[in-house]
Amino acid sequence: MTSPNGSTTNLSADPAAIRRSFDHTWATLSPIGRDRVSGGYNRFPFTAVDLSLREWFTAEATKRGLDVEVDRNGNQWAWWGTPTSGAVATGSHLDSVPGGGAFDGPLGVVSSFLALDALRAAGVTPVRPLVIINFFEEEGSRFGLACLGSRLMTGQTNPDTARALTDNDGISLADAADAAGIRAQDMGHDADALAKIGVFVELHVEQGKNLVDQNASVGVASAIWPHGRWRFTFTGEGNHAGTTALVDRRDPMLPFATTILAARSIAETHDAVSTFGRVRVDPNGTNAIPARVDAWLDTRAADEASVSGVVRDLSAEASAAGTAHGVEVEVSQESWTPVIDFHRPLRDRLVATLDTAGISAPVLPTGAGHDAGILSNAVPTAMLFVRNPTGVSHSPREYAEEVDCVDGVIALAAVLTDLLTSPAETVTAGQ
Ligand SMILES: [Zn+2]
């Protein structure tokens, strides 16, 4: 194989060997945190399940002779070579959403270990170290803030804010971390850890069907769509469901219903996606007209103007519906993540490397957030996607064919070989 800078490596991946190794490795991880009834995964940070996942990661690293470090923010690092600045980093996360699938996160971690095996089998001699990272609390399922490990490390989240986050039982992140042996007081911006990453490549199952449509097993990410969350509050008048005449009601559920339907049609107009996936009704009684409805809108699109357009038009629609029913409507933004364009020269380099390796990888955007997106604000970052035949994600039905997973490992191995054997100045050229 010839890398884009002209150096030659002898990576000749053996798909049958990778497949056997994939089967074995996947089988050791699969039972951890799986609900026997639903088949979904509940892998939340600082729980017994999380501890088992961390032990699994350490065992996989140790059996390959890698040294494992845990950084100040709970991320695990497995080193091939001496830890130093400017390493080639890969990996993903092992946590899940409630009732999540098997592939979102773990596919990237497993593929990283298997890609390393392929590199060694091929006799690749790196000129810089490789590090495999298991990022802490990517999904934000327990403490509500996604990509917490990478956000803290890069200084994009205030550690005091993070420490004060609580789970559904009221346990603070600080207490949960301390109980799990990770000192919460040490959490925060970690410039030393960040400096160790010269370049980061995350492999992830695709959360959509772009690769199905393009008939490709592996793709390269172009961008992460901008996305945000808004709270819509409808305040009316609580009253008796039996004794209040329809004409006398100020029922907040009615303008909310109009708003849900409008979210769909307005999103279509702006080529965006909009979801009301969470709602709180007060008092939430069968025989009571609600006094208030709070609902959370998640909106994403390829560009920021489309997202703003949805929120602007939907706010107007909700307000008009509120007026018609004597209900007050308030809209407030709760989070905003701008568009993330991955490092263009690195992305082009990945496509060229894969092309040379005989893998035709389309370039595609995603609507899902990732640690790679957070890191891309600090270091050259790229992502590889593996085809998901149904496009379903964050569900037990999330899936990738084994043959595509093997292609993913081969693709990652090709990319890592190039990055590990090329002069540093060419790896980050164009930053
Ligand atoms: Zn993920």
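How many salt bridges does the count come to by the rule stated below? The exercises that follow treat a predicted model, in which local features need pLDDT of at least 70, side-chain atom pairs count only at pLDDT 80 or more, and totals for chains, interfaces and linings use all residues. Residues are numbered from 1 along each chain as its sequence is written, and side-chain values use heavy atoms, with hydrogens and water left out.

**Exercise 1. Count the salt bridges and examine one pair.**

Step 1. The rule requires a side-chain nitrogen of Lys or Arg within 4 Å of a carboxyl oxygen of Asp or Glu. By this rule the count comes to 21 salt bridges.

Step 2. One pair is glutamate 60 with lysine 63, whose closest N and O atoms are 3.2 Å apart.

Step 3. Because they are 3 residues apart in helix H2, glutamate 60 and lysine 63 are separated by about one helical turn. Helices (H or I, at least four residues) and strands (E, at least two) are DSSP runs, numbered from the N terminus.

**Exercise 2. Describe how domain 1 and domain 2 meet.**

Step 1. An automatic or database domain assignment supplies the bounds: domain 1 covers 15–225 + 339–429 and domain 2 covers 227–336. Their centres, taken over C-alpha atoms, are separated by 36 Å.

Step 2. With contact meaning heavy atoms within 4.5 Å, 7 residues of domain 1 touch 7 residues of domain 2.

Step 3. The two domains bury about 560 Å² between them, 51% of it on carbon and sulfur atoms. Buried area here is the accessible area (1.4 Å probe) that two parts lose on being put together, summed over both. On the domain 1 side, Trp225, Val339 and Gly367 lose the most area to domain 2, together 84% of what that side buries.

Step 4. The salt-bridge count between domain 1 and domain 2 is 0.

**Exercise 3. Characterise the largest cavity.**

Step 1. A cavity is a set of points on a 1 Å grid over the protein atoms alone where a 1.4 Å probe fits but cannot get out; lining residues have an atom within 4 Å of a point. The search of the whole structure finds 2 cavities of 30 Å³ or more.

Step 2. A volume is the space filled by probe spheres set on the points, which are joined across faces, edges and corners. The largest cavity holds about 90 Å³ of space.

Step 3. Of its 13 lining residues, Asp50, Asp95, Phe135, Phe136 and Glu137 are the closest to the centre. Helix H2 (48–63) and strand E4 (130–135) each give two or more residues to this lining, and H2 contributes the largest share, 3 residues.

Key: On a 1 Å grid over the protein atoms alone, a cavity is a set of points where a 1.4 Å probe fits but cannot get out, and a pocket is an open set with protein on both sides within 12 Å along at least five of seven lines; lining residues have an atom within 4 Å of a point.
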